Amino acid sequence: MQLAQQPSVPGVERDTPAQEVLEGVSSLIRAVRCIEHRNLWPDSGLRRADASVLKVLAKDGEQRGGEIAAKLGVDASVVSRQLTALEADGLVSRRPDPADARVSLVALSPAGRSRLEALYANYTQRLRTALADWNDDDLAAAAETLRTIAGAVTEAAASVRRPTISTGER
């Protein structure tokens, strides 16, 4: 896939290589979402957000819903609703947290792990097919570059403080 040759916003001149990276990442995100929509999500029985929750549990193990929400950058209430649906589908299990019985610890169930593994195996196969002319070293280099970009952007976003909006009330 080529980077867009025209500025992504008409009238705004592209003046830095950072804009090229931004456009490349945006193009990649759109391409991935297109593949997901057309080929992966309808067959998996999972929504993208559900797969994100399952992936956090697969990677980091049993944890509180609030921890999952923080890792995904969403409100805890969003994850709570997702966990309710995932538990009803048998993809996660919950148990009381021994440290605080008011909250639950959530774990990936064997069925959830199986569904997530099948989804990503299918996705990996499709990506491997799309990049068939790339050797393993090229794929590894691209993956490292993408991780570096993601890390730098995440770090920069974490260091930016949101402005406080004054309501005039005290």
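Begin by selecting helix H2 (residues 48–60) together with helix H4 (residues 76–88), whose axes come within 10 Å of each other and cross at roughly 85°. Angles of 65 to 115 degrees count as roughly perpendicular, and H2 and H4 are therefore roughly perpendicular to each other. To see where they touch, show the side chains of Ala49, Asp50, Val53 and Leu54 on H2, and then those of Gln82, Leu83 and Leu86 on H4, since these residues make the contact. Colouring this contact by class would give five nonpolar residues, one polar and one charged. Bear in mind throughout that the model is a predicted one.

Next, keep H2 alone in view and follow its 13 residues from end to end, a path that reaches 18 Å from the first C-alpha to the last, close to the 18 Å expected at 1.5 Å a residue. Within H2, select Asp50, Ala51, Val53, Leu54, Val56 and Leu57, which are the buried residues of this helix. Then step just past the helix to Gly61, the residue that follows H2, where phi is positive and lies near 80°.

From there, move along the chain to helix H3 (residues 65–72) and select Gly66, which has its place in that helix. Is Gly66 buried, exposed or partly exposed? Its relative accessibility is 44%, so Gly66 counts as partly exposed. As a last stop, add Val103 to the selection and draw a distance from its C-alpha to that of Gly66: the two residues are 37 apart in sequence, while in space their C-alpha atoms are 9.4 Å apart.

Note on methods. Residues are numbered from 1 along each chain as its sequence is written. This is a predicted model: local features need pLDDT of at least 70, side-chain atom pairs count only at pLDDT 80 or more; totals for chains, interfaces and linings use all residues. Side-chain values use heavy atoms; hydrogens and water are left out. Helices (H or I, at least four residues) and strands (E, at least two) are DSSP runs, numbered from the N terminus. Buried means under 20% relative accessible area, exposed over 50%, partly exposed in between (1.4 Å probe, protein chains only). The expected span of a helix is 1.5 Å times one less than its number of residues. Axes are lines fitted to C-alpha atoms, for helices over the stretch in contact, and angles run from 0 to 180 degrees between N-to-C directions. Angles under 35 degrees count as roughly parallel, over 145 as roughly antiparallel, 65 to 115 as roughly perpendicular and the rest as oblique. Contact means heavy atoms within 4.5 Å. Ala, Val, Leu, Ile, Met, Phe, Trp, Tyr, Cys and Pro count as nonpolar, Asp, Glu, Lys and Arg as charged, and the others, Gly among them, as polar.
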